[in-house]
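Hi,

Here is the structure I promised to pass on. Have a look at it first, and then read my notes below.

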Amino acid sequence: MTPVWAITSSSSLAVVAQIFPRSSSRREILPRQPSDSPRYFVTMSKDSSLDPIFHQKRTLRSKVRKDLKGMNASQRSQEGQTLIRKKLYVPRVEDRNSHMRMLHISTIDDLIPNSMNILEPAPVDGDGIQREDVVQAGDPVDLFLLPGLAFDRSGRRLGRGGGYYDLLLKKYQELATEQKWKQPLLVGLSYSVQIMDEGVIPVTPNDVPVDALVSPDGVIPISLRAFERMTE
Ligand SMILES: Nc1nc2c(c(=O)[nH]1)N(C=O)[C@@H](CNc1ccc(C(=O)N[C@@H](CCC(=O)O)C(=O)O)cc1)CN2
Ligand SMILES: Nc1ncnc2c1ncn2[C@@H]1O[C@H](COP(=O)(O)OP(=O)(O)OP(=O)(O)O)[C@@H](O)[C@H]1O
């Protein structure tokens, strides 16, 4: 399970969706969904004067469903972005040499399971167009949400040992410096048992520290930038 997001600026809302492999892990992690609960039906005395309204509703549903089906992928992408005013990039592992890209997606349906059943963006979209790589984006990324096996309150991060995130973040930070952009905020997502005491997580010069942690107990700002961003 590797939920990760990068969101570019041009955004006013931080809407993110956690992306899980299509496996039972989704069930283990997510709270009970409404569909898990027994359904209760409320019976009402039927007021036939409302029938025309229900009929109108049904007609409208059919029309909207048809219109939605008629939208092509680029129209959905364009309008979707306007709606949430976000650009969302999701990682795609390219090889076994720590090479991972983050590609733009418009909807969760742009993700397909890889050989390990991890959801990733296909390199091309539904219209056969190459997805935008985050390093080619014209706008700076505001925020990276990062997975990790463990973190500490000084920002140390223990990944899964692939070096994928460290390499990607290093490249992105270099790009931001070159472009004179504000550096993205790096935020680790962590359950409480994943937060270690100081001195427990070993680090190398390649390890990129996080600016803040989001845990069930709340947000833990670590760097000065994180404090500044939280009070902006
Ligand atoms: N989007 C996405 N995320 C993904 C994957 C993927 O395919 N797609 N991965 C798909 O794999 C992983 C990529 N990361 C990896 C991390 C570690 C190793 C690895 O071989 N680790 C060694 C060393 C561990 C250690 O030193 O403790 C190992 O497990 O033997 C491989 C891939 C996790 N995240
Ligand atoms: N910037 C980098 N350039 C080249 N190799 C790197 C870089 N960062 C990490 N690596 C290599 O990747 C391997 C795994 O490193 P490390 O154990 O720090 O990964 P990790 O932080 O657990 O993984 P990840 O970054 O995917 O979460 C090591 O061999 C390390 O040298």
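A quick definition before we start: a residue counts as exposed when its relative accessible area is over 50%, and as buried when that area is under 20%. Also keep in mind that this is a predicted model.

Let's use that on K180. Its relative accessible area is 75%, so K180 is exposed. You'll find K180 in the loop between α4 and β9 (185-189). K180 also has a positive phi, about 60°, even though it isn't a glycine. Why did that catch my eye? Because most residues other than glycine have a negative phi.

N117 does something along those lines too: its phi is near 65°, a positive value, and N117 isn't a glycine either. N117 sits in a loop as well, between β4 (111-113) and β5 (119-121). With 30% relative accessibility, N117 counts as partly exposed.

Now for the aromatic rings. How many aromatic pairs does the structure hold? Just one. The partners are F144 and Y172, arranged edge-to-face, with 5.3 Å from centre to centre and 65° between the planes. The pair links distant parts of the chain: F144 belongs to strand β6 (residues 141-146) and Y172 to helix α4 (residues 164-178), 28 residues apart.

Are the two partners buried or exposed? F144 has 0% relative accessibility, so F144 counts as buried. Y172 is buried too, with a relative accessible area of 1%.

Try finding these residues in the 3D view, and tell me how you get on.

Cheers

Conventions
Residues numbered from 1 in each chain as written. Chains lettered and ligands numbered in written order. Predicted model: local features only at pLDDT ≥ 70, side-chain atom pairs only at ≥ 80, totals over all residues. Heavy atoms only, no water. Phe/Tyr/Trp six-rings, centres within 6.5 Å; stacked < 30°, edge-to-face > 60°. Helix = DSSP H or I, 4+ residues; strand = E, 2+ residues; numbered from the N terminus. Buried < 20%, exposed > 50% of the residue type's maximum accessible area, 1.4 Å probe, protein only.
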